[in-house]
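Visitor: I would like to walk through this model with you, one question at a time. Could we begin once it is on display?

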Amino acid sequence: MISRLAIDVGATGIKGALVNIEEGTLLSDRIKYPTPKPATPADVAKVMNNIITDLKWEKGDIGIGFPAIVKNNVCLTASNIEKTWINTDISKVVKEQTGFDSHVINDADAAGIAEMTYGKGKHLDGTVIMLTLGTGIGSGVFKDGVLLPNFELGRMIYGDSVAEHYASNSARKTKDLDWEAYGGELNEFLLYVNRIFSPDQIIIGGGISKKFIKYGKFLDPTLPVTDATLQNNAGIIGAAMYAAQKQE
Ligand code: BGC
């Protein structure tokens, strides 16, 4: 069995677990710490160190899902994370604080990799879009199972600002929308995405995916949309898979 430690950095919580790569399941409890405020590189790396210690991880590169555009482990944007991350080599900060090498991938790309292997995306060809609805909107885009990294559908110019300010779970909470009103907002966004990409499948993930029954009925029935199987663990599982691939 191949096990791997992975950490999913979010705007409100930083979660980690040991993952069974071959089964796409968690081998430990999911450990969660609140994201430090402000979420500076040094403070976030300290939380990662706590998770590594809690899980008694001793050897092997770790996987990290990060809520930003990430290229070659470097953070390039910071819409929902502290600005000093921009142009920071995340793996370098992690190495300094924890002693471990790491492989860093956008959080929604990680969730998508897991869902495409073990969830609703399994065996799906064509264009598949994984959307994670949380503080922001993350997107993992796949063509015939191959990831096109760093798509930022939540940051598309939309209304008076960007799409995630209308259709994310935090927009629902901030605007105090009931499920019907939120379903309406999400529907507008999904119709827009559908118009541009003509996806074969849209998969809704993130914390809100488990409440799909409440808002799914307000979505246009012609949309090819479904909820994720792996729900909130997809980001951790996908980041672990990514690290395992990179270390091979
Ligand atoms: C970021 C994305 C991220 C998403 C979900 C957005 O604000 O720009 O990179 O995937 O939030 O965390």
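Visitor: Is Pro-41 buried or exposed?

Guide: This is a predicted model, in which local features need pLDDT of at least 70 and side-chain atom pairs count only at pLDDT 80 or more, while totals for chains, interfaces and linings use all residues. Residues are numbered from 1 along each chain as its sequence is written, and side-chain values use heavy atoms, with hydrogens and water left out. Buried means under 20% relative accessible area, exposed over 50% and partly exposed in between, with a 1.4 Å probe and protein chains only. Because its relative accessible area is 13%, Pro-41 is buried.

Visitor: Which residues is Pro-41 in contact with, leaving aside neighbours within four places in sequence?

Guide: Pro-41 has its place in helix 1, where helices (H or I, at least four residues) and strands (E, at least two) are DSSP runs numbered from the N terminus. Contact means heavy atoms within 4.5 Å. With neighbours within four places set aside, the contacts of Pro-41 are Glu-82, Thr-84, Trp-85 and Val-93.

Visitor: Which helix gives the most to the largest nonpolar core?

Guide: A nonpolar core is a set of buried Ala, Val, Leu, Ile, Met, Phe, Trp, Tyr and Cys residues joined through side-chain atoms within 4.5 Å. The largest one has 27 residues, and those touching the most other members are Leu-5, Ile-7, Val-9, Ile-62, Ile-64, Phe-66 and Ile-90. At least two residues each come from strand 1 (3-9), strand 2 (13-20), helix 1 (41-54), strand 5 (62-66) and helix 2 (90-98). With five residues, the element that gives the most is helix 1.

Visitor: Why does Asn-106 count as buried?

Guide: Asn-106 is found in strand 8, which covers residues 102-106. Setting aside neighbours within four places in sequence, its contacts include Phe-66, Ser-139 and Glu-152. Asn-106 counts as buried because its relative accessibility is 4%.

Visitor: How much of the ligand's area does the protein bury?

Guide: Polar contacts, meaning pairs of N or O atoms within 3.5 Å (within protein, one must be able to donate a hydrogen and the other to accept it, and residues adjacent in sequence count only if both atoms are side-chain atoms), offer a starting point. Oxygen atoms of the ligand lie 2.8 Å from a polar side-chain atom of Ser-79, 3.1 Å from an N or O atom in the side chain of Asn-106 and 2.9 Å from a polar side-chain atom of Glu-164. Taken alone the ligand exposes 310 Å² (Shrake-Rupley method, 1.4 Å probe), and the share of that area buried by the protein is 94%.
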